[in-house]
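Trainee: I've got a new model open and I'd like to learn how to read it. Can we go through it together?
Mentor: Sure, let's put it up and start with the overall picture.

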Amino acid sequence: MTHVSPPGGGPAVTDYTPLPSFPAGFHWGTSTSAYQIEGAPSEDGKGVSIWDTFVRRPGAVRDDQTGDVACDHYHRSAEDVALMAELGVNAYRFSVAWTRIQPDGEGPANPAGLAYYERLVDSLLEKGITPFPTLFHWDLPQALEDRDGWLDRDTAYRFAEYAALLADRLADRVEHWITLNEPFIHLAYGYAFGIHAPGRALMTDAIPVAHHQLLAHGLAVSALRAAGARKVMIANNCTPVWPASRAPEDIKAAEAYDTLHNRLFNDPILLGTYPDLSAYGTGPDLNGTVRDGDLATIAAPLDGLGINYYNPTRVAAPGPEHGLPFQDLPIEGVPRTAFDWPVVPDGLREVLIGLADRYGAALPPIYITENGTSVDDKLVAGRVADPDRIAYLDGHIRALSEAMAAGVDVRGYLTWTLLDNFEWAEGFHQRFGLVHVDHQTQTRTPKDSYYWLRDRLSELAAEH
């Protein structure tokens with residue numbers, strides 16, 4: 001056992017057992033998203049996104065908080081890149097605000113927006129940090145939402161044009177590109193349940209959103225490659241699905257949920273087909289949404305698959321009041337995050353091995369593009385002791401190593417997140433960051449977990 005202290009001494013961060021070895025060249029990093037950290041919502045020609053609109057709906061966000069300032073990363077990116085360099089990561093996944101590039105979601109590029117992301121990319125490369133830009137992390141231009149957003153097929157074509165504009169400027173320096181972040185969550189929370197922007201509650205009538213996001217991904221893959229992008233992927237949220245019992249009705253409910261959460265956005269990309277969606281009242285053409293040639297576009301070969309993992313899901317057969325072919329049940333007997341999510345590190349191993357078993361040779365190399373936890377952090381005398389986050393990261397990195405030992409090709413692990421940020425409908429009430437942010441003063445304070453990860457990455461680097 002070794003005691004690890006922050007710079008300048010102070011109390012020990014934690015006792016620890018060294019992490020397993022990882023291959024040379026493995027990508028270690030952090031992830032963020034534009035609306036959650038940037039602020040500056042109308043600066044330098046930026047247009048209005050659906051989140052800029054949604055946060056002004058009374059009661060939409062806890063305590064009516066907004067991301068207008070967030071972490072002020074737009075003005076403090078140099079400070080935040082320096083924090084990454086001190087942490088010792090070699091990868092950074094961030095998202096591009098579409099409305100900084102095209103304020104209304106179409107038309108020529110905004111030079112100031114391109115210049116901002118160019119400066120960010122160059123500053124990362126100067127520090128030896130590989131940029132992993134994500135083109136869409138839920139902040140659709142409001143002008144496109146006014147024309148029905150992802151329910152409108154035309155949005156997919158606008159997205160491909162936006163991707164081309166960005167790649168034309170950055171593909172000479174950016175190797176790894178991610179098209180969409182968690183299209184399932186955006187479909188479910190944004191269009192089916194109304195919890196996130198744009199706040200629609202369409203239930204199963206939101207299914208066309210899935211196809212148009214997938215079509216946007218496929219069209220963007222082609223546009224990115226045409227502009228010189230070398231490696232392209234998507235980031236999907238995946239979860240192990242556990243039936244509440246071995247009763248046939250619970251198993252059927254688990255299969256229905258697995259189809260919606262995991263297979264709806266992986267099968268078309270990797271296999272070129274939609275799974276059986278009859279439980280949701282639609283056929284293989286998604287009630288006429290799918291057109292000839294769409295699935296071939298969606299199934300364009302990828303260079304990687306981003307996987308965001310947080311927790312398993314336990315489901316049972318629904319009652320008549322649920323309106324869906326499943327109901328969620330709590331997972332008991334495990335630790336829980338400040339967000340009340342169950343902590344099950346082995347679920348990451350289960351997800352990865354399940355993907356390898358399901359898709360076989362069709363599965364590209366995997367990158368863990370999000371994994372992290374919300375903790376009720378307290379800043380006391382200049383220090384944030386967060387042993388629960390350290391335990392979370394340690395357990396999930398070990399589970400990842402077990403999946404790799406079982407043969408799953410994983411190329412990177414990017415934790416969520418660098419900074420305490422604007423956590424969507426929760427506002428600033430959930431802290432996921434390795435770095436504490438005082439949202440009144442914007443003071444950054446690395447937490448114990450930051451120093452723990454810094455030292456672990458240093459040890460892993462020394463092995464090579």
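Trainee: What radius of gyration would a compact globule with 464 residues have, and what does the protein chain have?
Mentor: Keep in mind that this is a predicted model. A compact globule with 464 residues would come out near 23 Å, and the protein chain has 21 Å, so the two agree. Along its principal axes, the C-alpha trace spans about 65 × 55 × 45 Å.

Trainee: How much of the protein chain counts as buried?
Mentor: Here, 60% of the 464 residues do. As for contacts between residues at least 6 apart in sequence, 76% of them join residues at least 24 apart.

Trainee: How many helices and strands are there?
Mentor: The chain has 14 helices and 13 strands.

Trainee: How do I check a helix, say α13, against its expected span?
Mentor: Use 1.5 Å a residue: the 19 residues of α13 (residues 387-405) should span 27 Å, and because the end C-alpha atoms are 27 Å apart, that agrees. After α13 comes G407, with a positive phi near 110 degrees.

Trainee: And single residues: is V81 buried or exposed?
Mentor: Buried means under 20% relative accessible area. V81 has 2%, so it is buried. V81 sits in helix α3 (residues 73-87).

Trainee: Which residues is V81 in contact with, leaving aside neighbours within four places in sequence?
Mentor: Those are L120, S123, L124, K127 and I129. Y92, eleven residues away from V81 in sequence, is 9.1 Å away in space, C-alpha to C-alpha.

Notes
Residues numbered from 1 in each chain as written. Predicted model: local features only at pLDDT ≥ 70, side-chain atom pairs only at ≥ 80, totals over all residues. Heavy atoms only, no water. Helix = DSSP H or I, 4+ residues; strand = E, 2+ residues; numbered from the N terminus. Rg over C-alpha atoms; globule rule 2.2 N^0.38 Å. Buried < 20%, exposed > 50% of the residue type's maximum accessible area, 1.4 Å probe, protein only. Contact = heavy atoms within 4.5 Å. Expected span 1.5 Å × (residues − 1).
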